Every structure is written in structure tokens, then in C-alpha cells.
Amino acid sequence: MRSGGLLPRMVASSSLLKLQDLIQEIREAKTQAQEREVIQKECAHIRASFRDGDPLHRHRQLAKLLYVHLLGYPAHFGQMECLKLIASPRFTDKRVGYLGAMLLLDERQDAHLLITNSIKNDLSQGIQAVQGLALCTLSATGSAEMCRDLATEVEKLLLQPSAYVRKKAVLTAVHMIRKVPELSNIFLPPCAQLLHEHHHGILLGTITLITELCERSPAALKHFRKMVPQLVHILRTLVTTGYSTEHSISGVSDPFLQVATNTDTSRNAGNAVLFETVLTIMDIRSAAGLRVLAVNILGRFLLNSDRNIRYVALTSLLRLVQSDHSAVQRHRPTVVECLREPDVSLSRRALELSLALVNSSNVQAMTQELQGFLESCPPDLQADCASGILLAAERFAPTKRWHIDTTLRVLMTAGTHVRDDAVANLTQLIGGAQELHAYSVRRLYSALAEDISQQPLVQVATWCIGEYGDLLLEGSCEETEPLQVEEEEVLALLERVLQSHMSLPATRGYALTALVKLSTRLRGDNNRIRQVVSIYSSCLDVELQQRAVEYNTLFRKYDHMRAAILEKIPLVERGSSQVDEEAKESKETAQLSEAAPVPTEPEASKLLDLLDLLDGPSGDAQHPPPLDPTPGGVLIHLLNLPCAPPPPAPIPHLRVFEREGLQLDLSFVRPPGTPTLLLITVTATNTSGGDVTHFICQAAVPKSFQLQLQAPSGDTVPAQGGLPMTQLLRILNPKKAPLRLKLRLTYNHFGQSVQEIFEVNNLPVETWQ
């Protein structure tokens, strides 16, 4: 009985917890596990309060639940409470109830239809604040059924005396037209009267409504064509009359007419106006001077003390960096300063923008800044920062030595966070720089002696020691300080790598191979190497055991061939160079084909008659069918006639992803002159009602392939089937193996951050055969 009486008191005390107190308690959580514990406990109290049916504190409980929902935790059990609050006569209840309906309800849930009657009653009440709440909810979540039921109610409010209600009614009418185009006839008559409004917000909404009507109804287009002079007069009046003192929002007079050169930025409303100005310049074909002005405005935003304003500036500059690279480059020092922001979201945006600003002229300075950031950045950003530095070094490296030094520093700092191809790329780079072999093996030996925990670094170092161990022992290298190394020290270091619990199986394989190769490069006795190889002949790891058995057999049965077999690996041409060479040969072949004369159809017919002289019918008989003009014709191959190359067979497109209106399609092209190259165009389209922002598509392929991702056309996929976003993937498949593709999508949609990782293994066989 005592324990039973304790629970209600605990629930009651929790029900009195205010939203501000909950926010403070969540922010004080030091780990994600503590945050989950706080939220789960509070959600349990909220559920209990809902079950008790406490009408006085229901809106407070729902407000806390909505905050929990914004953090990404489930809050679906509050949907019915939204309906109860909307039906309440108290304004404080309605306000939270309508907010909850906009966040928790949508067309996919039948529960949203239950608020139709409540919205209808609130629209007819005559209370402006309540009507505004109902109109906002209807324009945000109204389905086609709700729009049909409430269209007449919204039409009545278009001509209400209150400008506040009229503006929201116009925007709701725009939503209804988009949902149900056949409602155009209902909203057509009030538009003519709304054009005489003096309120700029209503005028702007009316123009949007007229645009939607004209796009969806030929009759509306014909009706409004005669109003063009009136629209021109309205625009002329706005420009010539200057500011309207009757319109002021938070101290900013008439923000619809503000310009970027005279806006007060001491208030947040002024910054909002400036940001809208920047968005307008970005979305239209502006002059170069205006775009520079927009970039400079965003540069001033970077100096603002408000973190939200700095985040907006970084995100917007990231959109502009492709089209106005030089203008954004002027603000590079400020962007680099933002890397040190304590807020992870800000430093992530600053990192993305900093990597986009790297070019051949600033690569050394920017790489130094980014490497300093890599040493102290949060673990969540190390992978992106390390990969970005490696890509920038590979693209803009001034010298091979600088490229090697930069890659080594990244591997020593964040080796466990680099991409899978970092080891292969560095070994390829070192192998191709013959003049730096001695320098590289000394640098890597010293780094390996200091730290064997960074597995990619260990793999590259053991490979390099195995290939160029003789240069390590010579002790002569002009580019480094003298380094005296004994054979026993090298062998002991490789054995330490083999015995370390931190070494991966692949790393042990590198070390074992390096030991065997050193047996032909060292002058001493190989008994120690043979003993180590024999030990690993009974290793539990199958791959390592197989290598050890093969190497042991090489020592025992084929010792006379060991020196030839363990020669240095010849340099393999990189995929991009091979593609360039093949493309060059293809171009030369195409030019020769164009220069060669192509026989006309009569000449081909004569050749066919010549071949058919002996056993063909007489001249009066029916002629044989005409020669197939395609290069696949047998006669053309027989006579080796010059002909145009056959057009590649079309490869069917493939849809690989679809969620909430976002669709991802892959189209394929295999250039005729480069059979090992596959070009994949990733096309993202969006048929939903909200833009998909911060869209990033990343891809990975098996190690036998080589993948190159080109820059995407943008990071936003517009709503309502707007201009799609495209990105090109170049995949080199020298072995013509079956292709598997792994994709990772990250984006923001309807206010939520989404990450999807999936594998595409049903690619058409034409993409690799």
C-alpha cells in the first residue's frame, strides 16, 4: 500500500516539471545514454499523465513531448492528445494542440481527418488568433479530402476585414490549389479584389495564388491576362513610393522593399531580411556584382556572435562555392577560424566549406590548417577531415614528396579513420616515385618504430620495408638525416607487428610478406625469417596460414627461384592514366575512321554481285536482299571495309531508392573506346512537398574496382518535381567482374536528418560484361 501511494506522487511531481526545466536537464546530460535515460523517464511520466486525463496540465505535457519529438525520439502516442487540445475552448490548449498536429500528423495517418470538424468550427468563430492557428495547420497538413471539405470556409476568410486573417487565408488557398487543382474556380473571383490591397504580405500571397491558378487552369490564365497592366502598376508603385511607414516588423520598415545596402543588422529581423536578399540573388540569374554582394553579406554573417547566423552563412556559402569560387575564396581566413567552433554542427559545415575552397594555389596553407584541425577535432569529424585532406593532396599536390609527407601525417594522426583505398593510393604513389624510395622507407620506418597502432600506416610501412629494405640499410639518403639501422632491428620490428594484438589479419599478412621479401634483400642469415614463417604455418587465421605455408614451401623446395619470385613489384599504371590513354587511342581511332571513305550502297551491291557470280541466279532473277549497312554485316567484315563503330547497346536505367517522394535513379554508359570504364549518372528527384536539403551521395565499390566521384550539381533537390540533382560516378573495372555498389545517402527532409545505407547488387549485366 505504501509503494502504491508513492507512484501517484512521483507522477504528480513530474507533471509539474516545466518545459524549460526539461530542456535544461537534457542539456546537462553528458552522454547520449544519460540523455536517453532522462527522456525515457519523462516520457513515462507523460504517458501516465495522459492516462489520468489531467486537463489542466495536458498542454504542458504535450509541449514537452513535442520537444522530445524534435530531438528525434518517438512521440506518436501524443497524437490523440493533440485532438483533445484542439477541441478545448482554452486558447493555450488550442495553440499547443495545433502545433502538435502540424508536427505529429500528416496525410499518411487517418487520425489527421479527425481534426477537420474542429478546424471548421474554429474558422467560423471569428477570433483572429484561433483562425490563424487553424489556417496554418490546414496549410501545413491538409490532405485533399480536408481541402475539399473546407474550401468554402477559406474562401469566406479571403475577404475578412482582418489583414492578419486574409494573409493566412491566401496562403492556405495556395496549398489547396496545389493539392486539388479543380478548386481553382472557387478562388478565382476573390483574387481581383485582393490585388487592391495595401498590405504587402497579402499582395505577395495573392501574386503567388494567381501564379498557381494560371499554371493549373487555362481559363484562369485567360482571365488574369487582362490584369497585367494592373500588376505592372503595383510594381511601379512599390518602387517609386519608397518605404511604407505603416509596415514595420521588429524595427525593420517594410522588409519587402529592403535592399542589401541599407538594412540595419543590429536586430535579428534585419539579418533575416538580408538572408532573404541573398537567397533571392542565389535563385535568380543575377549579375556578377550582385552575386559578389551576396557572398560579402554572408561573409559578414560569419563574424556575427550568433551561432545560428554563422551556421546559415556557412551553409549558404557552401552552395555558392561552385559558381562563385573566387568570391567565396576572399573569406577563406574567416571560414578557417570557424573550424575551431565548439559546436560540432558549425565545425562540420566549416570543414566542408574549407575542403571546397582548396585549390592549387592555396593547397599547402589550407592543408596545414586542416591537419591542425584533424589533430584536435571531434571523433565524428576525423573521417571526413582525413578523407578530404587525402583527396585534396591527390588532386593539387605541388610535388610528390609533399604529397607523401602529407599522406603520412594524416595516417599518423587519424590512420584508423581514412578511406579504404588510402593504403593502395600511397603505395602506388611511393612506387611511382623512384627518386623518393630511400626517403620514403626511412620516414615510414621511423613512424612505424614510434607507433604500430594505426593500421593503415603499419600496412604501408611494412609494404615499403619489404620492397625497399635494402635502401633502408644502406644509410645514404640526402633528403633525411643519417639513419643507422641494423638488420636485427628491422626484423624485430616486423616481428613486433606480427605479435601485436592491435594488428589486423591483413596487417599481419603485410608484415609476413615483408619478412619473406627481406630474405632476398638482407645479407645476413635467413634462419630467423624461416623460423617465423614456420610458426605461422599453423596459424588459426586461414589466409595467414596459407601465405605462411606457401612461403615455407618456397624456402624448402624452390629456393633457387626465390630471388626471382620476390623481385620488386613493377609499377602498375593508375586507373585514371589508363583511362586517359584508352580515351586518347579511342579518339585517334575515331579520327582515322572519319577520314576513311565509306562505300556507298551501289558499290556494296556490286561487291555482293561479284561474290555471287558462280552459283547465283541469272540477271533476270530476283536480286538478293540489300546489304546490311551496319558494321555487323558479314561482308563488311570479310572485306575489312572501313566503317563507323557500332553504337553501344542502351543499358536499362535502374531505380535504387525511393522514400517520401525522394527517388534515386542510376543510368549507365560504357564508352565504346574504353570497355573497362563505366559511367554512372545518379539522378535524384523529389516529388514531395518539401525540399530535400544538404543532400550527399557517397559510394563504395570492392577493392578490385577503382571509383571516382565527380562533384554533384548541387546539394538541394527541389520539391514538387523541380530540377533534379545529378552526380557522375566513374568506375574502372579492369577484370570485368560483377559489379556491386554500396551507397550512403544523407539529407534533411521535412525538418528531419536522414541517413540511408544500402547495397545495389542487381545492376544490369551489361554494366560489367
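Two strands are taken to pair if DSSP finds at least two bridges between them. With that criterion in mind, the tour of this predicted model opens at a hairpin.

**The hairpin and its neighbour**

Select residues 654–659, which form strand E3, together with strand E4. The two strands pair in the antiparallel sense, over five bridges. At the end of E3, display Arg659, whose bridge partner in E4 is Leu662. Two residues lie between the strands of this hairpin, and one to inspect is Glu660, which takes a positive phi near 50°.

Next, extend the selection to residues 677–686, strand E5. E5 runs antiparallel to E4 and is joined to E4 by eight bridges. Within this pairing, centre the view on Phe668, which stands opposite Ile680 of E5. Colouring E4 (residues 662–669) by burial shows a mostly covered strand, with seven of its eight residues buried.

**The nonpolar cores**

Now move to the largest nonpolar core, a set of 103 residues. Select Leu353 and Ile430, the residues with the most contacts inside this core. Then add helix H26, residues 455–474, which gives the most to the core, with 11 residues.

Which residues surround Ile430, leaving aside neighbours within four places in sequence? Ile430 is in contact with Ile404, His437, Ser440, Leu444, Val460, Trp463, Cys464 and Tyr468.

Finally, select Leu123, Leu138, Met146 and Cys147, which are among the 43 residues of another core, lying apart from the largest one.

Definitions and conventions:
Residues are numbered from 1 along each chain as its sequence is written. This is a predicted model: local features need pLDDT of at least 70, side-chain atom pairs count only at pLDDT 80 or more; totals for chains, interfaces and linings use all residues. Side-chain values use heavy atoms; hydrogens and water are left out. A nonpolar core is a set of buried Ala, Val, Leu, Ile, Met, Phe, Trp, Tyr and Cys residues joined through side-chain atoms within 4.5 Å. Buried means under 20% relative accessible area, exposed over 50%, partly exposed in between (1.4 Å probe, protein chains only). Helices (H or I, at least four residues) and strands (E, at least two) are DSSP runs, numbered from the N terminus. Contact means heavy atoms within 4.5 Å.
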